[in-house]
Amino acid sequence: MSKPRYSVNNWLLDYTSGAIVHLQSGEIRRLGEYQLKLLDCLIEHAGQTLSRNELTSLVWERRVIGDNSLSNAIHALRAALEDDGKQQRVIKTIPKKGYLLEPEFCQLIEPEADTSSSPPAVSNTVKLPETKYLIQSEMVEAVPMNNVPVAEDITAPVAKHRRYPLPPWQILSFFLIICVITLSGWLIFFHKSCDEMVAQEQQKNQYSNIRVFRIAAAVDEMNNEDLLKFNSTLKMLNQRLIARDAWMTVYYRADEQVLNYTFSIETTCANQQLAMTLYHWRIDNQRLNNTIFGETERKLNEIAPCKKS
């Protein structure tokens, strides 16, 4: 039996390539292994509210994962599916219950088919247009390498009646070809591994109501020097959050010229999110801290106080 294929918000889920393809534009977006499993699980239970424990068990099974692995995967899926993190039209956060995929955005593209009595199978992989893969710039989860080139079997030609040994130069040529293909596959895999992005928690337990994660390549060493530039602002914001009974999660990725800074504020009844890109952020530290503090306080004030039951 072949697996039925669905689209979510006009993005077709292609299990074979580990990507989603836009039905109109043909744009391709790669998904990580667990993002793909998470989307598949949400589609299978569309319209149902799944708790964090249920999703973690179904997607990661018995693996040990971080506290924010599920939140990061949900955030990445919303960005890939063009779902507004504030409106949450497609993937909804149900406070104190879990997450829900709205069934109205799910469309069955290819129903389940019985291949036992059908003619020889023809590959049902979506023909992807020659488009560059788009990598999400924030909260990127590691993308595993699924298809590493493998050398095809090379068979020496055989005469009809007598078998003649191959000349040494031809044997050497075959050997070199196999070595080149194997080396190329290894280099591609190594390059992808170096580009994998992970969220590294910084200064754990320093703030009672704030968790800070640095987005960096998996091969990078832990480094919190950039965090020191707005550390004092986070301390002041932590006091504001305590007073409002709110919690904040911060993700940032920095280089010499650009700071990508994303934060999410949650209370027991609502949440607010904002992603900022700050250019030439190292030049004026005071302006940097004023911007981060002002935008965070603005989002915090947009959250109405929770009504006491």
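Visitor: What makes β11 and β12 a pair of strands?

Guide: β11 and β12 are joined by eight bridges in the antiparallel sense, and pairing asks for at least two bridges between the strands, so the two count as paired in this predicted model. One of the contacts in register is that of V250, whose bridge partner in β12 is F263. The connection from β11 to β12 is a hairpin of three residues.

Visitor: What makes β12 and β13 a pair as well?

Guide: Nine bridges join β12 to β13, and the strands run antiparallel, which against the requirement of at least two bridges makes them a pair. Y261 stands opposite M276 in β13, and a hairpin of four residues leads from β12 to β13.

Visitor: Why is β12 described as largely enclosed?

Guide: Seven of the nine residues of β12 are buried, so the rest of the structure largely encloses the strand. Buried here means under 20% relative accessible area.

Visitor: Why is the pair of F230 and Y252 called edge-to-face?

Guide: The structure holds five aromatic pairs. In the pair of F230 and Y252, the ring centres lie 5.7 Å apart and the planes stand at 90°; since a pair requires centres within 6.5 Å and edge-to-face requires planes over 60 degrees apart, the description fits this pair. F230 belongs to the loop between β10 (210-217) and α5 (231-244), while Y252 belongs to strand β11 (residues 247-254), so the pair ties together parts that are 22 residues apart in sequence.

Visitor: How do you know whether F230 and Y252 are buried or exposed?

Guide: F230 has a relative accessible area of 0%, and Y252 likewise has 0%; as the limit for buried is under 20%, both residues are classed as buried.

Visitor: What makes F230 and Y261 an edge-to-face pair?

Guide: Their ring centres are 5.7 Å apart and their planes stand at 85°, so this pair too is edge-to-face, the angle being over the 60 degrees that the term demands. Y261 lies in strand β12 (residues 258-266) and F230 in the loop between β10 and α5, so this pair ties together parts that are 31 residues apart in sequence. Y261, like F230, is buried, and F230, Y252, Y261 and F263 form one aromatic cluster.

Visitor: How do you know that the length of helix α6 agrees with its number of residues?

Guide: Helix α6 (residues 285-302) has 18 residues, which at 1.5 Å a residue should span 26 Å, and its end C-alpha atoms are 26 Å apart, so the two values agree.

Visitor: Why are the buried residues of α6 said to line one face?

Guide: The buried residues of α6 are L288, N289, I292, F293, T296, K299 and L300. Seen down the axis of α6, they fall within an arc of 135°, so they line one face of the helix. An α-helix has 3.6 residues a turn, so residues three or four places apart point the same way. The buried residues of α6 pack against α5, β11, β12 and β13 (271-279), whereas the face turned away from this buried side carries the exposed residues Q286, R287 and N301.

Visitor: In the open sheet of five strands, what makes β4 and β8 edge strands?

Guide: The order of that sheet is β4-β3-β2-β1-β8, with antiparallel pairing. β4 (28-30) and β8 (106-110) each have a single partner strand, so one side of each is left without a neighbour in the sheet. Neighbouring strands of the sheet are turned by 30° against each other on average, direction ignored.

Methods. Residues numbered from 1 in each chain as written. Predicted model: local features only at pLDDT ≥ 70, side-chain atom pairs only at ≥ 80, totals over all residues. Heavy atoms only, no water. Axes fitted to C-alpha atoms, helices over the stretch in contact; angles between N-to-C directions. Phe/Tyr/Trp six-rings, centres within 6.5 Å; stacked < 30°, edge-to-face > 60°. Buried < 20%, exposed > 50% of the residue type's maximum accessible area, 1.4 Å probe, protein only. Expected span 1.5 Å × (residues − 1). Arc of directions from axis to C-beta. Contact = heavy atoms within 4.5 Å.
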